[in-house]
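Here is a walk through a two-chain protein model, written for someone who wants to look at side chains. Have the viewer open and follow along.

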There are 2 protein chains.
Amino acid sequence: MRPLFHPAIDDVTVEGILHALSDPVRASIYARLAGLDCAATCTALQQAGDRTIPKSSLSQHFRVLREAGLVRSERAGVEMHNTTRCAEIEQRFPGLIPAILNAHRMQIAGAPPPRPPARRTAAASVRKKAKAR
Amino acid sequence: MRPLFHPAIDDVTVEGILHALSDPVRASIYARLAGLDCAATCTALQQAGDRTIPKSSLSQHFRVLREAGLVRSERAGVEMHNTTRCAEIEQRFPGLIPAILNAHRMQIAGAPPPRPPARRTAAASVRKKAKAR
DNA sequence: TCCATAGTTCGTATATCGTGAACTACGGCA
DNA sequence: TGCCGTAGTTCACGATATACGAACTATGGA
């Protein structure tokens with residue numbers, strides 16, 4: 001099991017952050033983690049919306065968040081303690097994380113009926129259907 | 001040639017925006033377009049950093065930006081006039097776009113030596129190398 | 001030592017991305 | 001009208017990334 005890699009705060013990129021948070025599952029995980037004032041285990045965040053994320057996918061998602069510099073993970077016995085690196089990122093990119101989290105909140109508040117996919121825009125689905133027939 | 005699709009502002013998603021701007025080429029295009037106070041053709045934005053984007057890739061990038069709701073494109077004779085939809089998005093997700101553009105500026109300002117790839121984090125490269133040997 | 005728990009890694013099917021080649025749409029110009 | 005040039009799109013395909021089940025690793029008890 002390879003050791004957990006955390007980028008130095010100066011190696012954190014905007015692209016990495018945006019990419020990590022452009023996935024609805026990761027965004028959900030991160031938002032909930034950021035809302036907590038304490039560490040959370042992976043399984044504690046296994047529910048995203050109405051579905052349960054498989055363990056292997058969850059692990060990958062945490063890796064992406066970790067390597068984007070958004071999250072710090074520390075082994076604690078048999079489980080893993082995850083915390084956000086909000087403060088560090090806030091210093092490097094002021095206002096970025098709050099703006100994204102706020103936008104996510106607004107979106108959830110504004111659109112209660114959860115459209116099935118995301119990450120693929122409505123437009124893409126339309127195109128896909130058009131192609132299919 | 002299928003007509004240009006622009007999502008209604010209410011169909012614009014945070015995920016779509018973050019995904020679109022998580023690519024350094026698209027981020028660069030969008031940042032420059034946002035800095036302009038007039039429309040720009042695609043070819044006018046063909047230079048990203050130090051390299052020239054192939055036409056086909058450029059077209060795809062604009063499609064992603066367009067379908068994410070970030071950009072409005074209008075055919076004008078033989079060329080295309082692109083403008084940002086900043087104002088609309090600002091209304092739907094206040095502060096999001098400015099925060100991202102600002103973060104991008106800070107990153108460029110802070111790290112003049114342009115690391116070759118992005119979007120794939122430093123960590124990923126490390127892992128890849130580790131696997132290769 | 002054996003088991004349960006929490007998480008990781010591997011393998012593979014699937015989806016997305018980047019790009020050259022071919023194509024379409026429009027605007028001159030003869 | 002037909003032909004050409006320019007701007008951008010679509011297609012095809014190889015490279016890359018993603019999701020997830022199965023197998024594995026580490027840790028903490030009993």
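## Around B:His6

Leaving aside residues up to four places away in sequence, B:His6 touches B:Arg66, B:Val71, B:Arg72, B:Ser73 and B:Arg85, where contact means heavy atoms within 4.5 Å. This is a predicted model, in which local features need pLDDT of at least 70 and side-chain atom pairs count only at pLDDT 80 or more, while totals for chains, interfaces and linings use all residues. Residues are numbered from 1 along each chain as its sequence is written, chains are lettered from A and ligands numbered from 1 in the order in which they are written, and side-chain values use heavy atoms, with hydrogens and water left out.

B:His6 sits in the segment before helix 1 (14-21) of chain B. Helices here are DSSP runs of H or I with at least four residues, strands are runs of E with at least two, and both are numbered from the N terminus. The side chain of B:His6 reaches the backbone nitrogen of B:Ser73 at 2.9 Å. Along the chain B:His6 and B:Ala68 are 62 residues apart, yet their C-alpha atoms are separated by 8.2 Å. Is B:His6 buried or exposed? Neither, quite: at 22% relative accessibility, B:His6 counts as partly exposed. The scale goes like this: buried is under 20% relative accessible area, exposed is over 50%, and partly exposed is in between, using a 1.4 Å probe and protein chains only.

## Salt bridges

Two of the residues that B:His6 touches, B:Arg72 and B:Arg85, turn up again here. How many salt bridges does the structure hold over all chains? Six, counting a side-chain nitrogen of Lys or Arg within 4 Å of a carboxyl oxygen of Asp or Glu. Some of them are listed below.

| Pair | Closest N to O distance |
|---|---|
| A:Arg85 and A:Glu88 | 2.9 Å |
| B:Arg85 and B:Glu88 | 2.9 Å |
| B:Glu88 and B:Arg72 | 3.2 Å |

For the B:Glu88 and B:Arg72 pair, B:Glu88 lies in helix 4 (residues 86-92) of chain B and B:Arg72 in strand 3 (residues 71-76) of chain B, so the pair ties together parts that are 16 residues apart in sequence. B:Glu88 is partly exposed at 28% relative accessibility, and B:Arg72 is partly exposed too, at 26%. B:Arg85, on the other hand, is buried at 4%.

Over in chain A, a network of salt bridges links A:Arg72, A:Arg85 and A:Glu88. A:Arg85 is buried at 3% relative accessibility, whereas A:Glu88 is partly exposed at 28%.

## Where the chains meet

On to the interface: 36 residues of chain A are in contact with 36 residues of chain B. The area buried between the two chains is about 3,100 Å², and carbon and sulfur atoms give 62% of it; buried area is the accessible area (1.4 Å probe) that two parts lose on being put together, summed over both. So what about polar pairs? Between chain A and chain B there are zero salt bridges but four residue pairs in polar contact, both residues being at pLDDT 80 or more. A polar contact is a pair of N or O atoms within 3.5 Å; within protein, one must be able to donate a hydrogen and the other to accept it, and residues adjacent in sequence count only if both atoms are side-chain atoms.

Which helices of chain A each supply at least two residues of the side that touches chain B? They are helix 1 (14-21), helix 3 (55-67), helix 5 (96-110) and helix 6 (122-132). Helix 5 of chain A gives the largest share, eight residues.

Helix 1 of chain A is mostly covered, with eight of its eight residues buried. A:Glu15 is among those buried residues, and its side chain makes a polar contact with the side chain of B:Gln107 (3.0 Å). B:Gln107 belongs to helix 5 (residues 96-110) of chain B and is buried, with a relative accessible area of 13%. Not counting residues up to four places away in sequence, B:Gln107 touches A:Val12, A:Thr13, A:Val14, A:Glu15, A:Arg92 and A:Phe93.
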